[in-house]
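Trainee: I would like to learn how to read features of a model such as this one, step by step. Could we look at it together?

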2 protein chains.
Amino acid sequence: VDRKNIKMVLEYDGTQYHGWQLQKNALTLQAIVEEKIQVLTREHVTVIASGRTDAGVHALHQVCHFLTHSDMDPESIRRGLNSLLPEDIFVRQAEQAPLNFHARYSVKSKTYEYRILNREQPDLFLRHYAWHVPRKLDLAHMERCVFLLRGRHDFSSFKSSGSENLNPVREMIRSELHQAPDESLIRFLFEADGFLRHMVRNIVGTVIEVGSGRTTPDEFLKIIEAKDRKRAGLKAPPQGLFLTMVRYDHQA
Amino acid sequence: VDRKNIKMVLEYDGTQYHGWQLQKNALTLQAIVEEKIQVLTREHVTVIASGRTDAGVHALHQVCHFLTHSDMDPESIRRGLNSLLPEDIFVRQAEQAPLNFHARYSVKSKTYEYRILNREQPDLFLRHYAWHVPRKLDLAHMERCVFLLRGRHDFSSFKSSGSENLNPVREMIRSELHQAPDESLIRFLFEADGFLRHMVRNIVGTVIEVGSGRTTPDEFLKIIEAKDRKRAGLKAPPQGLFLTMVRYDHQA
């Protein structure tokens, strides 16, 4: 059988996993997906995702690909994997892609959502799915920060160690703040042509410092312009972060 | 110190527990709450809840009480317990109640909500918090059933074994069906002066059979009138069930 490139869309709850990427002695999403593909196709494959997600980070729409000689059709692979995978990982779609499709290198844009529970009392049903910020927040100041992030910037102030050698310039296509009708749930939405390591969590942590009154939107602009990680605020915790979309040029 | 009666309002995620009631060799909510009260007050107490919840069933508002000689004030007990309890149990309120207040015997009404995810695709983030029913449902037929349950009835058709000796007549004060704006989430709401064992789950399972077209609202009325458990449908699974309110005569 000729080699085929299978593209899959995955949904997962990251609570129980040490992130996407293979690690020794730790349960990761890549390890379990590769293991179940091996059970199904009897081939050892490497599954490439659009990007790593960290421990505790979730995905509503993560894209990955792998090369296989199996003669199973993509829908049979999808159903077979869903019967083998644990209940916190779900294959939404599987299809054959051109051999030159690459889940990471072909990315046109990625979208992340970050959820904050903003009320005094915690909600234990959201403990793994939102960051609980009990302080009163100034939404207008936060919206100003979110607006300032739009467009092409050097995002060095919001990178974490591990991304030193990457080009820190990214195009922020969408940067929005939404408040649920009951006002207690706040959602950040960021779409960019790429993200530096921990960039969303570093941005959110810093915007929350503005919302809390510890600093100002004017200072936030200076932090962006400083291109210096030491100027930004704390990193927001992982459980509020969801990868919600990955786009490709041809939507292949 | 004189003996005091402490009334508490608890919220819990039942996913990891074998229900409320003490069991040998199984982790239950009662066991862990009693253990943490003992750590805090150095007294062994028995905690009485408004009723048992089964394994996998959740509570947004469960009420319990216990008698103590501790001189800790209720707010200190509340904070102390919240620092000791695991993150899936939360004490919302604690207050001193009259000595004759009893969390079970003093109940005036209890309210349950049952959540159904009604769409073809499952949602893994709701896997522990809703029953996934992928079939198209006839909401008008289901609303008719929910209407028929209102008022005073002998609910024998919806009881499970273990409640044979109880009076099966209950007053259903509220019986409602709500659909979320995106139409995929359906919520049943039942308030009654008391519930038989598994009554809500047996009712929901039977109403879903009507919604699926396997039986009719007229047949549902006959099932109520038959007072015979063998006539009703399957029991709905536990993860969709939430205890949402317990009312007392004096709101003590």
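Trainee: In which helix of chain B is B:Gln30 found?

Mentor: Helices (H or I, at least four residues) and strands (E, at least two) are DSSP runs, numbered from the N terminus, and B:Gln30 is found in helix 1 of chain B, residues 29-41. Before going further, note that this is a predicted model, in which local features need pLDDT of at least 70 and side-chain atom pairs count only at pLDDT 80 or more, while totals for chains, interfaces and linings use all residues. Residues are numbered from 1 along each chain as its sequence is written, chains are lettered from A and ligands numbered from 1 in the order in which they are written, and side-chain values use heavy atoms, with hydrogens and water left out.

Trainee: Is B:Gln30 buried or exposed, and which residues is B:Gln30 in contact with, leaving aside its neighbours within four places in sequence?

Mentor: Buried means under 20% relative accessible area, exposed over 50%, and partly exposed in between (1.4 Å probe, protein chains only). With a relative accessible area of 8%, B:Gln30 is buried. Contact means heavy atoms within 4.5 Å, and once its neighbours within four places in sequence are set aside, B:Gln30 is in contact with B:Trp20, B:Gln21, B:Leu22, B:Thr46 and B:Val47.

Trainee: How should I read the overall build of chain A, beginning with how many helices and strands it has?

Mentor: Chain A has five helices and 10 strands. Its radius of gyration, 19 Å, is close to the 18 Å that the globule rule gives for 252 residues, so chain A is as compact as a globular protein of that length; the radius is taken over C-alpha atoms, and the rule is 2.2 Å times the number of residues to the power 0.38. Along the principal axes, the C-alpha trace of chain A spans about 60 × 40 × 35 Å. Buried residues make up 56% of the 252 residues in chain A, and among its contacts with a separation of 6 or more, 72% are between residues 24 or more positions apart.

Trainee: What should I look for in charged side chains, and how many salt bridges are there over all chains?

Mentor: Side chains of opposite charge can pair when their charged atoms come close. A salt bridge is a side-chain nitrogen of Lys or Arg within 4 Å of a carboxyl oxygen of Asp or Glu, and by this rule the count comes to 32 over all chains. One of them is formed by the side chains of A:Glu87 and B:Arg127, at 3.6 Å from N to O. A:Glu87 lies in the loop between helix 2 (74-84) and strand 4 (89-97) of chain A, and B:Arg127 in the loop between strand 5 (107-117) and strand 6 (131-132) of chain B, so the pair joins two chains. A:Glu87 is itself exposed, with a relative accessible area of 51%.

Trainee: Which parts of chain A does the pair of A:Glu113 and A:Arg187 link?

Mentor: The side chains of A:Glu113 and A:Arg187 meet in a salt bridge of 2.7 Å, N to O. This pair links distant parts of the chain, with A:Glu113 in strand 5 (residues 107-117) and A:Arg187 in strand 9 (residues 185-192), 74 residues apart. A:Glu113 counts as buried at 12% relative accessibility, whereas A:Arg187 is partly exposed at 30%.

Trainee: Where do B:Glu75 and B:Arg79 lie?

Mentor: Both lie in helix 2 (residues 74-84) of chain B, four residues apart, about one turn of the helix. B:Glu75 forms a salt bridge with B:Arg79, and their closest N and O atoms are 2.9 Å apart. B:Glu75 counts as partly exposed at 32% relative accessibility, while B:Arg79 counts as exposed at 57%.

Trainee: What should I make of backbone angles, and what is phi in A:Arg42?

Mentor: Most residues other than glycine have a negative phi, and most peptide bonds are trans. A:Arg42 has a positive phi of about 60° although it is not a glycine; A:Arg42 lies in the loop between helix 1 (29-41) and strand 2 (48-49) of chain A, and is exposed, with a relative accessible area of 78%. In B:His198, phi is near 65°, again a positive value in a residue other than glycine. B:His198 lies in the loop between strand 9 (185-192) and helix 4 (199-211) of chain B, and is buried, with a relative accessible area of 13%.
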